[in-house]
Amino acid sequence: MLEWFQSLFPSLDSGANTFLMIGIGVGAMLFVYGAFDALSPANPAARRYSRGGIAGRRNTFDAGILYNPEVDPKGLMKALMPGDRKSRSKLKRQLMNAGIIGEGTIMRFFMWRIVLALLFPAILILVIFARQSSFIWVPAPVEWFVDSLTRMMVFQLLTLLAGVGFFAPTLWLKAKVDARILEISQSFPNALDLIQISVEAGMGFDAAMTRVSNEMVHSAPALSQEFRIVQLETSAGGSREKALLDMADRTTVDEVASFANVVVQSMQFGTSISDALTIYANEMRVTRELNAQEKANKLPVKMSAVLSALMLPAMILLIVGPVAIRWMNTFG
């Protein structure tokens, strides 16, 4: 193994080779520890619990939509996942906001981070190995790039690629959360109108949400998924009020939070849900119209800086240019 690394990086000294061998040894120890933990016999109590009816009912309602309570990591996952439950809860909420729910989502997210952090440097090492090998064809730009690398540049690139691979899933998750919030905020007024019409036509509130979720599965998949989660939690025996408030927490959209509060208050005080939805729909239309007018009124102020930056140089040339030309002709 040492001779292979020396042939791969001929410019590395013995200290660098020792550092690489230590890294390989630590990785091998972690792999062996995880393999022994995975092959160890399971707890008999947990085995009996999995054979019971509770797990069967959970699998009936789960189907990748309902999520299970968070548990502490065990075995090799202790070294890969944060041990602080607060950090895992924060990440779990971000995954829920992105629409990624189910059992083991946090573990899969950290596994992807580790895999990408190891994959990107491995690709660079394979490219360098392919350049030094005479049996693999490498494009001329890649050959020039590899030949220009020094020992320090190789270590810097490996560190940079590992950091990019480790933090790329976090940036992707943030972008997915923002895109999902925008999608829900844009499609929720149409969904509210459909629910209001269905309730006024005589359908129950649960049946109306189910019908709207089925109708909007292609036009608004994120909102349709949230409505299905509410209905599944209610069918599983949960409280309708809690399911609606959980939906508001998952979406982090103000309109959805107000909708949940309106429905919960209407159910608590026994008022008509149809009247409450009608009043809230009218208020939401007025609010959206006011927001549109506010954005339209801000537009001239935002455009003034751009117009000044683009038009002011041209105006200066038109005004000062003839004077400068006449001055140069007179005194030149």
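These are my notebook entries on a predicted model.

**Entry 1: confidence**

I began with the pLDDT scores. The protein averages 78. Of the residues, 74% score at least 70. I then looked for a weak stretch and found residues 48-64, where the pLDDT is below 50. Beyond near neighbours in sequence, that stretch has 11 contacts in the model. Where pLDDT is low, predicted coordinates should not be read in detail. I left residues 48-64 there, given their pLDDT below 50.

**Entry 2: aromatic pairs**

Next I looked up the aromatic rings. How many aromatic pairs are there? I noted five. One of them joins Phe188 and Phe259, with 5.4 Å centre to centre and 70° between the planes. That pair is edge-to-face. I checked where the two residues sit. Phe188 is in helix α9, residues 151-200. Phe259 is in helix α13, residues 254-269. The pair therefore ties together parts that are 71 residues apart in sequence.

Are these two residues buried or exposed? Phe188 has 1% relative accessibility, so it counts as buried. Phe259 has a relative accessible area of 0% and is buried.

I then followed Phe259 to another ring, that of Phe205. Their centres are 6.2 Å apart and their planes meet at 35°, so I wrote this pair down as tilted. Phe205 belongs to helix α10, residues 205-215, so its pairing with Phe259 of α13 ties together parts 54 residues apart in sequence. Phe205 is buried too, with a relative accessible area of 9%. I closed this search with a grouping: Phe188, Phe205 and Phe259 form one aromatic cluster.

**Entry 3: a charge over a ring**

I also looked at Phe166. What sits over its ring? I found the charged end of Arg113 there, 3.9 Å from the ring centre.

**Entry 4: salt bridges**

I turned to the charged side chains. The structure holds nine salt bridges. I looked up several of them.

Asp178 and Lys174 form one, with their closest N and O atoms 3.4 Å apart. Both residues lie in helix α9. They are four residues apart, about one turn of the helix. I compared their surroundings. Asp178 is partly exposed at 41% relative accessibility. Lys174 counts as exposed, at 54%. The cut-off matters here: exposed means over 50%, so Lys174 passes it.

Asp193 meets Arg285 in another salt bridge, at 2.8 Å from N to O. Which helices does this pair join? I placed Asp193 in α9 and Arg285 in α14, residues 273-331. The pair thus ties together parts that are 92 residues apart in sequence. Asp193 is partly exposed, at 22% relative accessibility. Arg285 is also partly exposed, with a relative accessible area of 41%.

Glu294 and Lys298 gave me a further salt bridge, the closest N and O atoms being 3.4 Å apart. The two residues stand four apart in helix α14, so about one helical turn separates them. Glu294 is partly exposed at 41% relative accessibility. Lys298 is partly exposed as well, at 42%.

Last, I looked for linked salt bridges. I found a network that joins Arg180, Glu226, Glu233 and Arg250.

**Entry 5: Thr252**

I checked backbone angles next. Most residues other than glycine have a negative phi. Thr252 has a positive one, near 55°. Where does Thr252 sit? I found it in the loop between α12 (240-251) and α13. Its relative accessibility is 39%, so Thr252 counts as partly exposed.

**Entry 6: Ser266**

My last lookup was Ser266, in helix α13. Ser266 is buried, at 4% relative accessibility. What does its side chain reach? I traced it to the backbone oxygen of Thr271, at 3.1 Å. Leaving aside residues up to four places away in sequence, Ser266 touches Thr271, Ser272, Ile273 and Ala276.

**Entry 7: looking back**

I marked two helices for a second look. Helix α13 holds Phe259 and Ser266. Helix α9 holds Phe188, as well as Asp178 and Lys174. Asp193 is in α9 too.

Key:
Residues are numbered from 1 along each chain as its sequence is written. This is a predicted model: local features need pLDDT of at least 70, side-chain atom pairs count only at pLDDT 80 or more; totals for chains, interfaces and linings use all residues. Side-chain values use heavy atoms; hydrogens and water are left out. Rings of Phe, Tyr and Trp (its six-membered ring) pair if their centres lie within 6.5 Å; planes under 30 degrees apart count as stacked, over 60 as edge-to-face and the rest as tilted. Buried means under 20% relative accessible area, exposed over 50%, partly exposed in between (1.4 Å probe, protein chains only). A charge sits over a ring if NZ of Lys or CZ of Arg is within 6 Å of the ring centre and within 35 degrees of the ring normal. A salt bridge is a side-chain nitrogen of Lys or Arg within 4 Å of a carboxyl oxygen of Asp or Glu. pLDDT is the predictor's confidence in each residue, from 0 to 100. Contact means heavy atoms within 4.5 Å. A polar contact is a pair of N or O atoms within 3.5 Å; within protein, one must be able to donate a hydrogen and the other to accept it, and residues adjacent in sequence count only if both atoms are side-chain atoms.
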